[in-house]
Amino acid sequence: MAFDVDLAVARGGRQIAVRFETQARVVSLFGPSGAGKTSVLDMVAGLLRPAAGHVRVDGETLFDAAQGIALPPERRGVGYVPQDARLFPHMNVRDNLLYGWRLTAPARRWLALEEALDLLGIGHLPDRRPATLSGGEAQRVALGRALLAGPRVLLLDEPLASLDRARREEIMAMLERIRDDLKIPIIHVSHDRAEVDRLGGLVVEMG
Amino acid sequence: MAFDVDLAVARGGRQIAVRFETQARVVSLFGPSGAGKTSVLDMVAGLLRPAAGHVRVDGETLFDAAQGIALPPERRGVGYVPQDARLFPHMNVRDNLLYGWRLTAPARRWLALEEALDLLGIGHLPDRRPATLSGGEAQRVALGRALLAGPRVLLLDEPLASLDRARREEIMAMLERIRDDLKIPIIHVSHDRAEVDRLGGLVVEMG
Amino acid sequence: GPEAGPMVLAAASMQEGLEQAADAWAAQGHARPVLSFAATSALARQVEAGAPAGLLVSADEAWMDELAGQGLIVPASRRILARNRLVLVAPAGPAVDLYLTSGVDLAGLLGADGRLAIAEPDSVPAGRYGKAALTALGAWPQVADRLAVADSVRGALALVARGEAPLGLVYATDARTEPRVQVVGTFPAASHPPVRYPMAQLARSTHPDTAAFADFLAAPEGQAILLRLGFARAEGP
Amino acid sequence: MSPAEWAVVALSLKVSLLAIALTLPLAFALAWVLARTRLPGRVLLDALVHLPLVLPPVVTGWLLLLAFGRNGPVGGWLEATFGISVMFRWTGAALAAGIMALPLMVRAIRLSLEAVDRRLEGVARTLGARPWWVFTTITLPLCLPGVLAATVLGLARSLGEFGATITFVSNIPGETRTLPLAIYTALQVPGGEQAVTRLALVSVALSLAALLASEWLTRRQRGRGSDGL
Amino acid sequence: MSPAEWAVVALSLKVSLLAIALTLPLAFALAWVLARTRLPGRVLLDALVHLPLVLPPVVTGWLLLLAFGRNGPVGGWLEATFGISVMFRWTGAALAAGIMALPLMVRAIRLSLEAVDRRLEGVARTLGARPWWVFTTITLPLCLPGVLAATVLGLARSLGEFGATITFVSNIPGETRTLPLAIYTALQVPGGEQAVTRLALVSVALSLAALLASEWLTRRQRGRGSDGL
Ligand SMILES: Nc1ncnc2c1ncn2[C@@H]1O[C@H](COP(=O)(O)OP(=O)(O)OP(=O)(O)O)[C@@H](O)[C@H]1O
Ligand SMILES: Nc1ncnc2c1ncn2[C@@H]1O[C@H](COP(=O)(O)OP(=O)(O)OP(=O)(O)O)[C@@H](O)[C@H]1O
Ligand code: MOO
Ligand SMILES: [Mg+2]
Ligand SMILES: [Mg+2]
């Protein structure tokens, strides 16, 4: 079982609940704005405490309310790309990218800085501060930062929303390779049906 | 001439330049991430000072380097929806929405609060603080805030990027009405070719 | 002997005299005493808290009594180091000589809105003596609400020197340090309790030179230094 | 507490409140200049603002006496022009307290001002707000935490101000004898500890009240925040 | 400046630097508790931190004397256990200066700490950083402006500290006679104004240097910002 997720939380007066159990390596969360997609990623990442339920990825329990298990975020091995890029404003792009990489055991890493710069087309930015990046540039840096940490599962919150078609195409191809070659499971939020279809996997409708 | 725009600025070591002169009521800026689309909107809005050039909308000169004209932002009558929503964090959604509305002469207004809440599907949010909104909710509030100020020109920076298809459809329809019924010119950034095609008008390729 | 001399805690108004005396003592081949100047109240409280000092020179008998009551001083060592006179000062100008006697019209001298500069009359020694003197002369009721109360004699002196107060009540020793003021009258010795600076060795003192330095201060050589600065002889008329 | 002691408390409050009321706008203006402008003499101005903090209070009081005394340049001018003098007056005590509080207040406001996201001000202008309105509705509320912190710090500092006050305007019952001066007086005499303790506790209670008020205001302004981890 | 005066300056620096070095971590810890925890006694703690600001400095000095004197609870214990005493020592002067600077430093740090976007800390944790590392690499650098402001304020306040110091550790040349005490001492002798002016100018120069250093550090940390309007 790649994913066994059953989560519930109350937010802003709304009841958010999601449940899926699947062998699929990719799960796409789909649903209207405000349905709770970001909240689900936050709960899987350990940034929002669920009211009840559990999260298991590839057999490992990250959270289980009944058993009183709640791994802290740093031990979940998730590569999270938030909806807003949320870059560290006091570090340049390079240090943002290497933040998780430096904390990862060399054996766990599967991407090098140069590769990431190249794949994401941000090779001209490493010395820039986040405040000077365009929307799409920031989003790509956030993606690179998550990948460089050598995560065991990817949580992508509309990671391609501000990117042009060509760039989006390249990154989709990269995500496919990550899915297929590295066998890294992905939970992914998108409003783009084509994107969702292309990554295949389970589509979870919310809201 | 709806738009007569000729702008140049240097940013992050890159030369950004754009030029269009058109009768079209809608201009779509199209181009890769980092091409300078946001920078152009910032210059039209008066938030970034161009190195050279001019901006004329419906015959009115907002900026002209040669003539030394540079209207301050508050006198340009632009309805700007930034790429990040940039809501005022210390006000609730209602006060965000009404910020420009309250500063607009009643005769200039063409939208009421209730209509905006309704059109944008944010009728349940007026008492919430921006920090508690989802990505798409914040984006819709930013759009409503710009529209309620009764602008004479709309500057939209990927305003629908985090919205689901149904909501996007509704808002596109609204933008079409604004374009056709109110004859308000629009400059619009999008990576979605379908969106661009639907609004018609001039497509300006950048980068 | 040890490289540093005994620690002496002394009222701020004794500063100049004690510095000179310490120099003279050092010139005789002794280690120079370490002098710390502050308000008497602060010094006394430091002694109460167990400060490791040798000698205390107080501006005030009350604090010395208090410490004696707690057994913090060597009773036999207590003696008067010097005395002072209370004077009335005004900003420097044409010489004036007032006879400060019963019924003196201080309020008249202050003018319509002038104030009499004085150290805090309820707590600071100079102020207490001043209040006593003014009361004895029958002038207190006239000036009680016309005071400019400073935290120390120096503060009162500064107010007169700057011309902010037309009159001030200070010690004779203070008056002669400030060229911008002139003494316009001296309070009769009988009008207030004698202004005396008691000195005593602290019970905790350990430095071998402590008693010798105290003796030096009380001896003619030490007294001469203080006399030059305007203090009155410890014993005498 | 005796009626005289209550009068001291009332006077202290009056002096501190006037001090803060006068100093807050000045502190804001200075913080603005330091945070937002590129004035050539900025660092010198900054150093000047810090002066009352660095100098012993009696020196500050002494400088005030030189400037605002009847024979000082400012004091003489005030007297000649308006016939007013702050010497020996509670207004002078407020002046001294305000000056001593100034550096603390400028710092707190400046920190908050520098943390304001200026892009929000830009958006507000596109919505039709003139600079002054942007300031009132965006900048000022966003740096309210700093303004509140400044007010509390300033109030506390004013309540505790002693050295500059007594040097400048002396210690006149009912006019300039604020709490610290009363406490100091009590501390000078043997056995005055009881009065010191009583008055010190009143000082503490006053500043506790100011703190509570500011905490409440901050919490109110911040509104309901995130429910995140 | 005479050699004795230079010695005073050196002593002042030594005292102030020790005071700040000791107080900064404590101030940070207190700011953290006040900004980030929901400790029940928070407001009381806050009030306690403000005490040295509200009370006249001599009262603070007196309280220190009561606590750290040979017969005081802390002082007695220190003496009995380690055989050390801060009475009449420069370490005691640093203690007094540090205590007086504490409330200013706590406030400045707290303001910055409250302005940190906590979602950044969350992201850092998903990237594998433990809480302590998040603190070191994210939280601390982001509130560096507050820490620097606290350092400058604290340093200035320590350099200017007078009342608590003279009350607590007396006025001992070479040991506790810092700049403000030297100024006070100079004020007692006729014609001391020149020395007062000289020493006051040194104080000002020192704090100007601290200010310049902090401005430079802040600018360096902030890096090249936006080129926007
Ligand atoms: N901190 C918060 N406090 C209160 N309510 C919140 C908070 N964050 C989100 N919400 C609410 O919870 C609901 C789910 O939000 P979430 O961000 O998960 O939605 P989403 O599906 O990601 O939407 P979008 O596609 O617009 O990003 C929304 O109604 C939102 O308003
Ligand atoms: N404040 C700034 N300082 C320096 N360089 C900047 C700044 N803001 C933007 N840039 C640079 O200017 C270029 C144009 O940025 P802009 O935000 O206009 O791009 P964009 O076309 O909107 O891109 P995107 O689609 O990713 O939002 C980019 O290379 C960006 O890195
Ligand atoms: O020397 Mo005193 O203690 O100011 O009268
Ligand atoms: Mg979302
Ligand atoms: Mg952009």
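Select chain A and colour by secondary structure: you'll find six helices and ten strands in it. Keep in mind while you click around that this is a predicted model.

Stay on chain A and strip it down to the C-alpha trace. Along its principal axes, that trace spans about 45 × 35 × 35 Å. How does the radius of gyration of chain A sit with a compact globule of 207 residues? Such a globule would come out near 17 Å, and chain A has 16 Å, so the two agree.

Next, bring up the contacts inside chain A. Taking those between residues at least 6 apart in sequence, 67% join residues at least 24 apart.

Now colour chain A by burial. Of its 207 residues, 61% are buried. Switch on the surface, too: chain A exposes about 7,700 Å², with carbon and sulfur atoms supplying 50% of that area.

For the charges, pick out the Lys, Arg, Asp and Glu side chains of chain A. There are 27 positive and 27 negative charges, and the mean positions of the two sets lie 4 Å apart.

Time to zoom out to the whole assembly. Which chains share the most contacts? Select D and E: of the eight pairs of chains in contact, this pair comes out on top.

Finish with chain C, shown alongside A and then B. Chains A and C do not touch, and their nearest C-alpha atoms are 49 Å apart. Swap in chain B, and again there is no touching: the nearest C-alpha atoms of B and C are 48 Å apart.

Technical notes:
Residues numbered from 1 in each chain as written. Chains lettered and ligands numbered in written order. Predicted model: local features only at pLDDT ≥ 70, side-chain atom pairs only at ≥ 80, totals over all residues. Heavy atoms only, no water. Contact = heavy atoms within 4.5 Å. Helix = DSSP H or I, 4+ residues; strand = E, 2+ residues; numbered from the N terminus. Rg over C-alpha atoms; globule rule 2.2 N^0.38 Å. Buried < 20%, exposed > 50% of the residue type's maximum accessible area, 1.4 Å probe, protein only. Areas by Shrake-Rupley, 256 points an atom, 1.4 Å probe, with all protein chains shown as cover. Charge placed at Lys NZ, Arg CZ, Asp CG, Glu CD.
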